[in-house]
Structure formats: structure tokens, C-alpha cells
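Reader: I've got the sequence and the fold up on my screen. Can you walk me through the parts worth a look?

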Amino acid sequence: MDALRIALCDDEITEKELLERYIREWDERQPFSVCVCSFSDGQTLLHSMEKETFDIIFLDIQMQGLDGMETARRIREADGSAGICFVTGYEDYLAEGYEVEAFRYLIKPVRREKLWEALDSFLRRRRRIQTFWPVETPKGQRRVALSGILYLEAFGHTCTLHSDTESFTVKLGITAAQEQLAALGLAMFRCHRSYLVNIARATGIERECAVLEGGIRIPISRKSYEPMNRAFIQYFTNCQNREV
């Protein structure tokens, strides 16, 4: 999983394409990537979920064959953590949504601002729930507070994780670490083939290095400078907008 995995399930092609376009536009504003998979019916979605998982699932309620509400019930039987957002032209199903713990309803035609708000809301909720990263180290399993992570440095098939208080080895390659942290909503950026930094802990971006809290300087590859600088500006712009 590269980052945030989203499923769209709707038998209306036009509506599904519109949602995907809005999600792609939202993705451009985020410090992580988004993978979007589209399905035209609930049965196909459920079959896919036998092999893969999704963080957020946008479900049309009224579909041919297996409708969205029954699809949601079956999803909940297998996955209690996926965020379910119903997309519908009717408000008659609001009460039933509590049964499957739907976190939002979007009324068709879906407005871009409403979709973006739903995505932001889901990420905020997940960050509140998931504040630790479970990792395997040479000494066994442990939990790492997400807020304390400064950066990771790659060493072959492992990484050294540097936090506020300590540094230790994580039994993951840097790409796998990046994927897991992005899925948890942490704004990590691969600024160099050997370094992954927490943008939230950065104080500045220079041509050849990212400056983190405490004056720590992390190398930036030449090709990564521009995209990292944009990600840095966008992250703190979004933070300021949320505070207004």
C-alpha cells in the first residue's frame, strides 16, 4: 500500500469518474500519495477485498444487484477499521448508517468541497485513534509515538528510526516504512534515497538539506528539493488554514 487506499463503488460511471477527479485534486494537496480503485458493483468490491484492504470506501447505496447498504454490512463483518462513506441521492438511509458505522454521507451530485471535507475528517479521526506505529525491532515488537518521529535512515533492509528521545533499528526497508507511516497519516517525505523525514518536525528546507527541530540537518537529493519544498509549504499552509 503506497499510502491512502480508496475504493469507489458506484454503478453510475459519470458520478464515479467525478469522485475520482475530485480525489485526484485533493491528493495534489497532500504530502502523501493516494491509490484509487473503482468498482461498479458491491460483489466485485467484496471479492477484491479478499485480497486487499482499503482505508476509505465510498459506496453508492442504490446499485443493481448487491446494494450499498448490504455491501457495507458484509464489509463490516470482515473489516472493522475501514472508513465507509455513503454516496446517495436520498437521505432516507441515514439511520441505517449507524449500523455499519458510516462516518459520512454525501448527497449526489457530490460537491468537491464536501468530498474534500469528508477526506480531511477521516484522516483527523484516524490520527486521533492511531497515535502509535507498531514496529518490529531486533529486540522484539514495540510501539512508537508518531508525534515523536523525526526521521528514518536506511541501512540495507532495515532503518534506523530517530525520535525525540532515542534511535533504534526497525526491521523494515525504507520504502515499506514510508508506506506504513503514510497510511497512518503521518506527513513523511522521502528527501533522499536513504532518508525519510517527518515534515511536521521540519523548520526549514534548504537547497541541500532539510532542517529539523534541534538543528538536525538531513540531506536532500537534487531532484527532491522542489517537491519537498512544495510539500513543506503546503503542509504548514494546511495547518494554518485548519487553525483559522
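**A charge over a ring, and onward**

Reader: Which ring does the charged end of Arg142 sit over, and how far is it from the centre?
Author: This is a predicted model, so take each value as computed from it. The charged end of Arg142 sits over the ring of Phe168, and the distance to the ring centre is 4.0 Å.

Reader: And what about Arg112, which ring is under its charged end?
Author: Here the distance from the charged end to the ring centre is 5.4 Å. The ring belongs to Trp116.

Reader: Let's go to the start of the chain. How many residues of strand S1 are buried?
Author: S1 covers residues 4-9 and is mostly covered. In a regular strand, side chains alternate between the two faces of the sheet. Here Leu4, Ile6 and Leu8 point one way, while Arg5, Ala7 and Cys9 point the other way, and all are buried. The count for S1 is six of six.

Reader: Which residue in S2 is the bridge partner of Leu8?
Author: S1 pairs with strand S2 (residues 34-39) over six bridges, in the parallel sense. Within S2, the partner of Leu8 is Ser38.

Reader: What hand does the crossover from S1 to S2 have, right or left?
Author: Between S1 and S2 the chain passes through helix H1, residues 13-27. That makes a β-α-β crossover, and its hand is right.

Reader: Which residue in S3 does Ile6 stand opposite?
Author: S1 also pairs with strand S3 (residues 56-60), again in the parallel sense, over four bridges. Opposite Ile6 in S3 stands Ile56.

Reader: Now aromatics. What kind of pair do Phe39 and Phe54 make?
Author: The structure holds four aromatic pairs. For Phe39 and Phe54, the ring centres are 6.0 Å apart and the planes meet at 80°. An angle over 60 degrees counts as edge-to-face, so this pair is edge-to-face.

Reader: How many residues apart are Phe39 and Phe54?
Author: Phe39 is in strand S2, and Phe54 is in the loop between helix H2 (42-48) and S3. The pair links distant parts of the chain, with a separation of 15 residues.

Reader: Is Phe54 buried or exposed?
Author: The cut-off for buried is under 20% relative accessible area. Phe39 has 9%, so Phe39 makes the cut. Phe54 has 4%, so Phe54 too is buried.

Reader: What about Tyr151 and Tyr195, what type of pair are they?
Author: Tyr151 sits in strand S8 and Tyr195 in strand S12 (residues 195-198), 44 residues apart. Both are buried. Their ring centres are 6.3 Å apart with 40° between the planes, which makes the pair tilted.

Reader: Which strands stand at the edges of the sheet that holds S8?
Author: This open sheet has five strands in the order S10-S9-S8-S12-S11, with antiparallel pairing. A strand with a single partner has one side left without a neighbour in the sheet, so the edges are S10 (167-170) and S11 (188-192).

Reader: Which residue in S9 does Ile149 stand opposite?
Author: S8 (residues 149-155) and S9 run antiparallel and are joined by six bridges. Opposite Ile149 in S9 stands Ser163.

Reader: Is His162 buried or exposed?
Author: His162 is in strand S9, residues 158-163. Leaving aside neighbours within four places in sequence, His162 is in contact with Gly148, Ile149, Leu150, Tyr151, Glu153 and Ser167. With 14% relative accessibility, His162 counts as buried.

Reader: And Ala200, how does its 27% relative accessibility class it?
Author: Ala200 lies in the loop between S12 and strand S13 (202-205). Not counting residues up to four places away in sequence, Ala200 touches Ala187, Glu213, Tyr235 and Phe236. At 27%, Ala200 counts as partly exposed.

Reader: Any backbone oddities? Which two residues does a cis peptide bond join?
Author: Most peptide bonds are trans. This cis one has an omega of about -10°, and its proline is in the loop between strand S5 (104-107) and helix H4 (112-129). The residues are Lys108 and Pro109.

Reader: Last one: what phi does Gly185 take?
Author: Gly185 comes just after H5, a helix (residues 174-183) whose buried residues include Ile174, Ala177 and Leu181. The phi of Gly185 is positive, at about 90°.

How values were computed. Residues numbered from 1 in each chain as written. Predicted model: local features only at pLDDT ≥ 70, side-chain atom pairs only at ≥ 80, totals over all residues. Heavy atoms only, no water. Buried < 20%, exposed > 50% of the residue type's maximum accessible area, 1.4 Å probe, protein only. Helix = DSSP H or I, 4+ residues; strand = E, 2+ residues; numbered from the N terminus. Pairing = 2+ DSSP bridges. Right-handed = clockwise from strand over helix to strand, strands pointing away. Contact = heavy atoms within 4.5 Å. Phe/Tyr/Trp six-rings, centres within 6.5 Å; stacked < 30°, edge-to-face > 60°. Lys NZ or Arg CZ within 6 Å of the ring centre and 35° of its normal.
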